[in-house]
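Trainee: Could we go through this structure together, with each term explained as we meet it?

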Amino acid sequence: MSEKRIIPIVMPKWGLSMAEGKLASWLMKDGDSVKAGDQLLEVETDKIAGAVEANEGGILRRRIGQEDTIYPIKTLIGVVADADVPDADIDAFVGSYVVPVAEEGEEEAAGPRYEFADTAAGRLRYTKRGSDDNTVLLIHGFGGDLDNWLFNADALAEGATVYALDLPGHGQSTKKVDEPTVAGLAKAVLSFMDTVKIDKAHLVGHSMGGAVAIEVARLAKPRVKSVTLISSAGLGPDINMDYIDGFVASASRRDLKPVLENLFADSGLVSRQMVDDLLKYKRLDGVGDALTALKNGVFAGGRQAALLADALAASGVPALVVWGAEDKIVPAAHATAAKGAKVEIIEGAGHMVQMEQAGRVNGLIKVMIGG
Amino acid sequence: MARKISMRQALNEALDQEMARDPTVFVMGEDIVGGMGGDGEKDAWGGVLGVTKGLYAKYGDRLLDTPLSESAYIGAAVGAAACGMRPVAELMFIDFMGVCFDEIFNQAAKFKYMFGGKAETPVVIRTMIGGGFRAAAQHSQVLTPLFTHIPGLKVVVPSNAYDAKGLLIQSIRDNDPVIFCEHKNLYGLETDVPQESYAIPFGEANVVREGKHVTIVTYGMMVHRALDAAAALAKDKVECEVIDLRTLSPIDWDTVLESVENTGRLVCVDEAHPRCSIASDVSAKVSQEIFKALKAGIQMVTSPHTPVPFSPSLEDIYLPSADKIATAVRKTMAN
Amino acid sequence: MSKNPFPLDKQGLLEAYRTMRTIREFEERVHNEFAKGDIPGFVHLYAGEEASGTGIMMHLNDRDRIASTHRGHGHCIAKGVDVKEMMGEIYGKAMGSCRGKGGSMHIADLSKGMMGANGILGAGAPLACGAALAAKFRGDGGVGISFVGDGASNQGMFLESLNLAAVWNLPAIFVVENNGYAESTSREYAVAVDSYVDRAAGFGLPGVTVDGTDFFAVYEAAGEIIKRAREGGGPALLECKMIRFFGHFEGDQQTYRGKGEVEHIRANQDCIKLFADKVLDAGVIKRPELEAIDKEIVKLIDEAVITAKAAPLPTAKDLMTDVYVTY
């Protein structure tokens, strides 16, 4: 019985390549009362920094991990338990804790693997997590890829089958963008759904991916259970073209880093590895052309070309709108255009609100998808 | 799609993809096919270390085995480049450039300037550098500073498979002559490399490790020695920022200066000899530009002013090591 | 009108004369201007050797490439490089062929197939192999021609190039302009074999020796060799035995030459005089036709010198340009 009330806090694994992380700082102290979703500690990896949140409530009984120290993933770094669990049981739990060793092939079975789908829009990369009848499809924004959902996909997969894809021109998908518009990308998403046999899904779109989600709902309403629009395009004309132009033009670490800092409320989150990964993407043959074509198609004349608030309302699809209050790319004020939608503006977060305030955003999406 | 492949495979893939993309690209050098004119198999070698293996089957006569005649074939590569082709010539060991240096530094490097901008010479000369192979004085040198000295040449030294592919593709697409230096000890090293083609722009140093106490500036094989030293020093809470220059000409001064401004300490590591080396070049630039940012004297870790010795016991002492680098870092930290 | 015994029609003959006279007038004028101290640096003059460059170049078009020597003015003119820009370059002016950055020894015009005069003796041979290789890859029937003097014919890179061209069966032609002197050293002293035909044979390629003061001998031998190379027949060596009117460089006192040697050759072995005599004797061309050309050329070169002298020098902003395409 008591084991059930002792909850291990371990070094998380964010993304396929993470092997270790640095415990940067504890955000709570021993004896603090914890509820699900509370941020316990900050972890830094070479890719990104983020907070580890409590999955269940209780008391933070033991901080084991030292600040400023690197631990391999799955290492026990803390214990949450109910107040009535004796210290001796905690000691025993810590003493006997064994880091789970990945068995042969377990890594692939447990974690997501990159897969590829040959769709009418070309070869698209995706990941699939969980196995539930309820399906969620995550659609990233301009210049992004499926790793933008690093802090969301696993959490959402607890109660749903979660797909995340790379849109054409992005990530490791084809760099050929047949129709470089929101409508063109929506058609690509629908052909992806056909290929991997997703009949109906909750769509979660970030930024340009939000506009794509609305357009999918407009084109194929019966296949869309709900749309969650995060810092979304498609709801108003404004777009930070300095960011878009800078992202397309930057070819060096020194140029790209200040551009990326616009994405976050806390610019310190832009790590060396994040910049490096994006540069590696941007150097691929065809990416420059794809991004330029999308820039000209989606943000023609420095304005958002697809204004879809009316289409969203007309579709009658349930909608959730989430925004970082400090979004410097698409103004949070656009949220008001989504008539009839539930709107959440999250303080202390920027355009990448699903990374900066992952727990809050995951909680909101879970409610939306009925998880 | 990224997967782990060796630097040898990455270079082969870069040549393959560029030959497929651009019909003016051709590859020439000694034994790059191997077995020509004999009764045995063609593509017997694919270069002395197998970098070009398999390309002959795909591209046939666009791979040209040359006589042992560097000044003729390097000169021919330069001439063909001035006539609109994009030759990739393999000069087996950088040590051999003594017999064809004129074609490189008096011809290829100078056409653009001395013809008033009217000529372009997009030739790539691939060549092996570096010690540790027990190959002695004429097959082990790192003569990069000799080329860096020459205006008109670009000098590229990848430290891993990812950089090797992207830098070689950039070298082939680049419209200036490029000396592309491959360290012998890195051919087998595997890193994540995308299958797709990509080009890494020149003049972009790579910050391979971030740290706030000391900046280590290096390139090629020594990047790995520096990383080993940095890992060891991290245990003593000394955090090194390690900069892989990737291209020596052009060189990314901004990244170097910005880093030293943050750390205030500099260790330059170069497998070349100390005099007029990349290490001394970087040291001079930093002293000249941001002397006030320095909290301690600059340290250089280089090979000594001797030829490369043969005996393993001597060569091991000759080469810069992680220990020597760590010692130099500690010296700067002592101030 | 008498019958034309020559391998060129009248128009071709007049063109040959015009080219040779242009070179002569250009070089004589540079000689005089240099003596006045107006021209910076070194110049090496081609006067006396005009029949060689002209007789060869008349077979070429812009896609055929030549790699020249330090004594390159004649090759440039025969290959169609603009004479005024050449003069401007010799004066170091911004309007020069190389924007004042090359000078006499580096005049080039790739658009005309002129890969450059070259200050490094023998360096042109591998470059011409490269041009021939490019032509072979493209299958465009082009040839690469390298000029060397008897001196540079001893360079390793020249000899290596003979072998390379033979091994790869390149459309490459090696012209040895044998004027008897490598700087001040006689060919008799410095070249071990008597015949360049023998030297070529040693590398597995055919060689031909012609009297380089005889335009027609050069023209016909070069025509055959070039045609053969264009058709895939491979490389060849052409030796043109010829005469240098001036010293190795301007300012050379030529004390190493025999007494009266220069006077004798100017009187008896001037390739342009020999050419003129032949075409006049045959009655194909009339003297006034040649004199009209002479006049035009004097005017052209005069203008070239006036233009060059008056033209602005390159300035500090030009120092750093054109080192790289991108950097």
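Mentor: We can begin where two chains meet, and the rule finds two salt bridges across the interface of chain B and chain C, a salt bridge being a side-chain nitrogen of Lys or Arg within 4 Å of a carboxyl oxygen of Asp or Glu. Please keep in mind that this is a predicted model, in which local features need pLDDT of at least 70 and side-chain atom pairs count only at pLDDT 80 or more, while totals for chains, interfaces and linings use all residues. Residues are numbered from 1 along each chain as its sequence is written, chains are lettered from A and ligands numbered from 1 in the order in which they are written, and side-chain values use heavy atoms, with hydrogens and water left out.

Trainee: Which side chain meets C:Glu85 in a salt bridge?

Mentor: The two side chains approach to 3.6 Å, taken from N to O. The partner of C:Glu85 is B:Lys118.

Trainee: How much area do chain B and chain C bury between them?

Mentor: Buried area is the accessible area (1.4 Å probe) that two parts lose on being put together, summed over both. Of the area buried here, 65% is on carbon and sulfur atoms, and the total is about 3,400 Å². In chain B, the residues that lose the most area to chain C, together 21% of what that side buries, are B:Cys83, B:Tyr113 and B:Lys118.

Trainee: How many residues does each chain give to the contact?

Mentor: Contact means heavy atoms within 4.5 Å. By that rule, chain C gives 40 residues and chain B gives 46.

Trainee: Why does the aromatic pair of B:Phe26 and C:Phe137 join two chains?

Mentor: Rings of Phe, Tyr and Trp (its six-membered ring) pair if their centres lie within 6.5 Å, and planes under 30 degrees apart count as stacked, over 60 as edge-to-face and the rest as tilted. This pair has its centres 4.4 Å apart and 40° between the planes, and is therefore tilted. Helices (H or I, at least four residues) and strands (E, at least two) are DSSP runs, numbered from the N terminus. The pair joins two chains because B:Phe26 lies in strand β2 of chain B and C:Phe137 in helix α5 of chain C.

Trainee: Is C:Phe137 buried, exposed or partly exposed?

Mentor: Buried means under 20% relative accessible area, exposed over 50% and partly exposed in between (1.4 Å probe, protein chains only). B:Phe26, at 0%, counts as buried, whereas C:Phe137, at 27%, is partly exposed.
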